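Thanks for coming. I have one structure to go through today, so please bring it up on your screens.

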Amino acid sequence: MGFLTRAPRFLLGLAFAAAACGQAKEPSRPAAASGGELEFSGSWSGIGSRHTISLGAGRFGSVVDLKGTMLLTGPGRPGVGFQSEVIGLTDSATGFQGRSVWTDERGDQVYSELQGEGTAAKNHVAGTILSGTGRYAGVTGSYEFSWQWVMEGEEGAVHGRAVDLRGRVQLGPAAGGSRR
């Protein structure tokens, strides 16, 4: 097994280890009142696969499947760390459409839609937070970032990261409890 085949597994393990070691215990803070807006920023990286086909005349389509880690910062973050999963379709002429699930350490989830420009020159992605489960039930919001492919390996293996991730969430009436 070559390095490029093992590299995505190694990088995913390294990301999870860094996330586990780097999270300092913070005292619990009360969630913002229902309807309160919270701002956050953070980092997000993922590894997975990308399958690309030619659509003729310099146009191509790709299906991506990524898993990774999202770490949020700022006093308004909805949570500290999440395992993230993204599936999406990129068309070099029309852009990117995707769906994302963030899962925290308790198993509570946040669901979102992603739309982007989908080219190397225009890689801005906007996310719309649709809902969640558990302490994120009723949450809505938006976030944005620029996506950067870090590594492309054998047989469609890819590793990428979000640059300038920032957003805001609005807690719904069902959201509550304490955030970490």
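I will start with the overall fold, then take the strand pairing, the core, the salt bridges and two single residues.

A word on provenance before anything else: this is a predicted model, and each value I quote is computed from it.

The protein contains one helix and ten strands. Reading from the N terminus, the order of elements is α-β-β-β-β-β-β-β-β-β-β. Of the 180 residues, 37% are buried. If you take the contacts with a sequence separation of 6 or more, 53% of them are between residues 24 or more positions apart. The accessible surface is about 9,400 Å², and carbon and sulfur atoms account for 57% of that.

Now the strand pairing, with E2 as the reference. Strand E2 covers residues 37-54 and pairs with strand E9, residues 157-170, in the antiparallel sense through twelve bridges. To place that on your screens, find Ser45, whose bridge partner in E9 is Arg161. E2 is also joined to strand E3, residues 60-73, again running antiparallel, by 14 bridges. One bridge to look at there is the one between Ser54 and Phe60 of E3. The hairpin formed by E2 and E3 has five residues between the strands, and in it Gly56 adopts a positive phi near 80 degrees.

Next, the core. Which residues have the most contacts inside the largest nonpolar core? They are Trp44, Trp102, Tyr143, Phe145 and Leu165, in a core of 25 residues. The elements that contribute two or more residues to this core are E2, E3, E4 (81-91), E5, E6 (109-116), E7, E8 and E9. As general background, nonpolar side chains in soluble globular proteins tend to be buried together.

On to charged pairs. There are nine salt bridges in the structure, and I will show three of them, then a network.

The pair to start with is Arg50 and Glu152, where the closest N and O atoms are 2.6 Å apart. Because Arg50 is in strand E2 and Glu152 in strand E8, this salt bridge ties together parts that are 102 residues apart in sequence. Are the two partners buried or exposed? Arg50, at 19% relative accessibility, falls under the 20% limit and so counts as buried. Glu152, at 51%, is over the 50% limit and therefore counts as exposed. Both values sit beside a cut-off, at 19% for Arg50 and 51% for Glu152.

The next pair is Glu113 with Arg99, with the closest N and O atoms 3.9 Å apart. This one links strand E6, which holds Glu113, to strand E5, which holds Arg99, and the two residues are 14 apart along the chain. Glu113 is partly exposed at 31% relative accessibility, and Arg99 is partly exposed at 40%.

Then Arg166 and Glu144, whose closest N and O atoms are separated by 3.5 Å. Arg166 belongs to strand E9 and Glu144 to strand E8, so the pair connects parts 22 residues apart in sequence. Arg166 has a relative accessibility of 43% and counts as partly exposed. Glu144 is partly exposed as well, at 28%.

As for the network, salt bridges link Asp104, Glu105, Asp108 and Arg135.

That brings me to the single residues. Thr103 is in strand E5, residues 95-103. With a relative accessibility of 17%, Thr103 counts as buried, because the limit is 20%. What does Thr103 touch, leaving out residues up to four places away in sequence? The list is Gly81, Phe82, Gln83, Asp108 and Gln109. Two of these deserve a closer look. Gly81 is 22 residues from Thr103 along the chain, and their C-alpha atoms are 8.4 Å apart. With Gln109, the side chain of Thr103 makes a polar contact of 3.0 Å. Asp108, also touched by Thr103, is a member of the salt-bridge network I just mentioned.

The other residue is Gly138, in the loop between strand E7 (124-132) and strand E8 (140-152). Gly138 is partly exposed, with 36% relative accessible area. Not counting residues up to four places away in sequence, Gly138 touches Gly132, Gln170, Leu171 and Gly172. The C-alpha atoms of Gly138 and Val110 are 9.6 Å apart, with their positions 28 residues apart in the chain numbering.

That is what I have; I will take questions now.

Conventions:
Residues numbered from 1 in each chain as written. Predicted model: local features only at pLDDT ≥ 70, side-chain atom pairs only at ≥ 80, totals over all residues. Heavy atoms only, no water. Pairing = 2+ DSSP bridges. Helix = DSSP H or I, 4+ residues; strand = E, 2+ residues; numbered from the N terminus. Buried < 20%, exposed > 50% of the residue type's maximum accessible area, 1.4 Å probe, protein only. Contact = heavy atoms within 4.5 Å. Polar contact = N/O pair within 3.5 Å; in protein donor to acceptor, adjacent residues only side chain to side chain. Areas by Shrake-Rupley, 256 points an atom, 1.4 Å probe, with all protein chains shown as cover. Core = buried A, V, L, I, M, F, W, Y, C linked by side-chain atoms within 4.5 Å. Salt bridge = Lys/Arg side-chain N within 4 Å of Asp/Glu carboxyl O.
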